[in-house]
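Work through the exercises below with the model open. Try each task before reading its solution.

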Amino acid sequence: MAISTRMRQIFRVLLREQYAISVKFLAEQIGVSKRTVQRELEYIESSLEPYQLKFVSKTGVGIWIEGTAEEKDRLLSDIGEGDDYDASNREERRKRLILEILKEKGLRKLYYYSSKFQVSEATISADLESVEGWLKKYDLHVKRKPGSGIEIAGSEANYRKAIRAFINDNIDTRVLREAYEETNYVMLDEALQKSSIAQLLNEDIIKRVVDCIAGIEDHRVLTMTESSYVGLVIHICIAVKRILKNEVIEFSESWQENMREDEDYHLAKVIVRELEAEFGIDIPQVEVAYICLHIKGSKHEKIEWYGQDTTDMEKRQLQQVINDMIDAFDPQQAYLIKQDDEFIQGLLAHLQPTFIRLQHGLQIHNPVLADIKACYPEIYARCEKVANILEASIGKKLPEEEIGFIAVHFGAALVRLEGRNEKIRKVDVGVVCSSGIGISRLLSTKLKKRFRDRVNIVTYGKNDITSCIVGRTDFFISSFPLEIADVSVVQVNPLLNDKDVEKIGHMLYQYERIPAKSSAASEFSVKLEEINLAAAQIHTIINGMVFFKVDNKISFEELLIAVSEKMSPYSDRQEDIREDLMRRERISSQIFAEIGFALLHTRTHGVARPKFSVCMTKDLTAFQDPYFKKITIVFIMLVPIDEHVQVNNEIMGYISSMLIEDRAFMDTVTAGDAESIRDALAANLKTYFNKYIYRD
């Protein structure tokens, strides 16, 4: 019985995987819809009849083929490793035509393509007209030379952009994403042999580039996000392959005149030296500059803002740009969003490389753009307005990919805003395999990398599980069927596919929001301790409130000195307070002209307990220094760096909301009487404390 082209594709994916996979994953691997795969799977058993193999589908686990290695090898041999190209599929044929053009920029006759794709030269000519539209997006053009063939005209820089875009849109980069997580180069070698990315970038070049980058122990490489790491590898692979063909980006003195030899440039030179030694080539300075730009345009898991040079635009406008972005996103909640330090830091970490990418036309791939637009249409629509602010600041059009990433930041800020009073804890998870090592270690490593600070993970063998362990574990994760009384078990593929991650994430979300396992007596004791702590902190804030006045001509730096002296009698702690408040101000200004006051807040070693204070001018008029934007009141909130961060932040968050929502409190402050302000603060915090006692 003949096996169809599509079925051969399905068999190759199923036979190369060692564990069960989802239908969605299978569909992604062969480039068709999930529905198409499900329809094809209806006929898989008849295709397997000549073999001692069985197709298995299990709900919640996935699909796989069971049988001996010998029978699987026999099936693989029969279906062959040839190309599954379908000449009648016009869309697929045209994608492959683009791939061939990008693989070889030089002159080719129409006959070459018609023979390769098993169609007439007239069909290829029609395909070229369609392909030409795609190439024009990157300022590349098809040049027809009668009697000679066709070639691609355009700059080398644009040619490389087209290659990068084709990879992002059409080629699975999973093999490079796995290289980001693992350092097993034997697995990388095997994966590359099966990956379509090697067709375009060359398998040997990819392996050697990955090896070069892995040997560079620099924090800017080690903290790159997965997408930026993959982008760097692809960028360098394209560059090396083109240089080996003597195709170098055109030198532009005007373009490079602003390229400073900073830390990023020196890192680019380190990478280039490694590549030159590995490939035995000379890499021009212009290529160093392009690698430097890619490093500057990369996203990082951690932000390093202070002590590094920033662009002139960032120095002049970044604070105002961020404030304007927040105002454009949600004018009603703008003030509260501006108090979200995690959001501000995350947005800063994103915007720094964003400006670099936009200024130099660098591409970024957003693999979740379609999901963002489908699942969060309202947030995305609001972020299109936010994009207008950035576009006006930098004079460049913001692509959808960048808008999608900004939507992620604002969406997370809204979730935190809505869940401010939601108590989140770490979840205790047990990872189990038959021996307690091996698979469970692999799983726990992947889980720690994926879920980070959300989980406490302990690995066990299946015979280690006791009632005591069950009593302190929220749920277990296992790579094989496991039943444990009175506790949930999530069975997963040891390699953690997307469906597994989704199931685990759902469980974590639930357990994060319920109390940890404990007896009723201990729960009551914990509740009492929390209430006592909240009461003590509130008492400290009320009794320790300081109201003081300063000259209305004071500068911002002088104000920080006055604040620090009021907050602590110790010179070393005063210095901590000044530095921490200034650092927070540099991240995003805390002077809000639209609501008439400043809110200077930070976590600092300068205080041992939370503090709230009020500062006004001696004559109760506006501050005269232009930096203060004509405000009349400065509120100061300091939180110690200790283990009570959650309760402290909740109390200070309540006070922040009060400043916006309680008009009577602001009227009391404006009158300038210290005791009246203290009484009004106490009344508000009493309301908060009553709610705190009786909340679940």
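## Exercise 1: Neighbours in space

Val37 lies in helix 3 (residues 34–41). The model is a predicted one: local features need pLDDT of at least 70, side-chain atom pairs count only at pLDDT 80 or more, and totals for chains, interfaces and linings use all residues. Residues are numbered from 1 along each chain as its sequence is written, and side-chain values use heavy atoms, with hydrogens and water left out.

**Task.** Place Val37, Ile326 and Glu579, and find a spatial partner for each.

**Solution.**

Step 1. Fix the terms. Helices (H or I, at least four residues) and strands (E, at least two) are DSSP runs, numbered from the N terminus. Buried means under 20% relative accessible area, exposed means over 50%, and partly exposed lies in between (1.4 Å probe, protein chains only).

Step 2. Take Val37. Its relative accessible area is 1%, so Val37 is buried. Val37 and Ala27 are 10 residues apart along the chain, and their C-alpha atoms are separated by 6.0 Å.

Step 3. Take Ile326. Helix 19 (residues 312–329) holds Ile326. At a relative accessible area of 0%, Ile326 is buried. Val386 is 60 residues away in sequence, yet 7.5 Å away in space, C-alpha to C-alpha.

Step 4. Take Glu579. Glu579 sits in helix 30 (residues 571–587). Its relative accessibility is 43%, so Glu579 counts as partly exposed. Ser564 is 15 residues from Glu579 in sequence and 9.7 Å in space, C-alpha to C-alpha.

## Exercise 2: Salt bridges

**Task.** How many salt bridges does the structure hold? Which parts does the pair Glu132 and Arg144 tie together?

**Solution.**

Step 1. State the rule. A salt bridge is a side-chain nitrogen of Lys or Arg within 4 Å of a carboxyl oxygen of Asp or Glu. Side chains of opposite charge can pair when their charged atoms come close.

Step 2. Give the count. The structure holds 23 salt bridges.

Step 3. Check a pair. Arg16 and Glu17 form a salt bridge, 3.6 Å from N to O. Arg16 is partly exposed at 26% relative accessible area. Glu17 is buried at 17%.

Step 4. Go to Glu132 and Arg144. Their closest N and O atoms are 3.6 Å apart, in a salt bridge. Glu132 lies in helix 8 and Arg144 in strand 3, so the pair ties together parts that are 12 residues apart in sequence. Glu132 is buried, with 16% relative accessible area. Arg144 counts as partly exposed at 41%.

Step 5. Go to Glu287 and Arg160. This salt bridge has its closest N and O atoms 2.7 Å apart. The pair links distant parts of the chain, 127 residues apart: Glu287 is in helix 18 (residues 285–296) and Arg160 in helix 9 (residues 156–170). Both residues are buried. Salt bridges with shared partners join Glu156, Arg160, Arg242, Glu247 and Glu287 into one network.

## Exercise 3: Cysteines

**Task.** How many disulfides are there? Why is Cys212 not bonded to Cys237?

**Solution.**

Step 1. State the rule. A disulfide is a pair of cysteine sulfur atoms within 2.5 Å.

Step 2. Apply it. The count comes to 0 disulfides.

Step 3. Explain Cys212. Its closest cysteine sulfur, in Cys237, is 9.8 Å away, which is too far for a bond.

Step 4. Add the burial. Cys212 counts as buried at 6% relative accessibility. Cys615 is buried too, with a relative accessible area of 0%.

## Exercise 4: Positive phi

**Task.** Where do Asp139 and Lys629 lie?

**Solution.**

Step 1. Recall the background. Most residues other than glycine have a negative phi.

Step 2. Take Asp139. Its phi is positive, near 60 degrees. Asp139 lies in the loop between helix 8 (121–136) and strand 3 (141–145). At 46% relative accessibility, Asp139 is partly exposed.

Step 3. Take Lys629. Its phi is also positive, near 55 degrees. Lys629 is placed in the loop between strand 12 (611–617) and strand 13 (633–640). With 35% relative accessible area, Lys629 is partly exposed.
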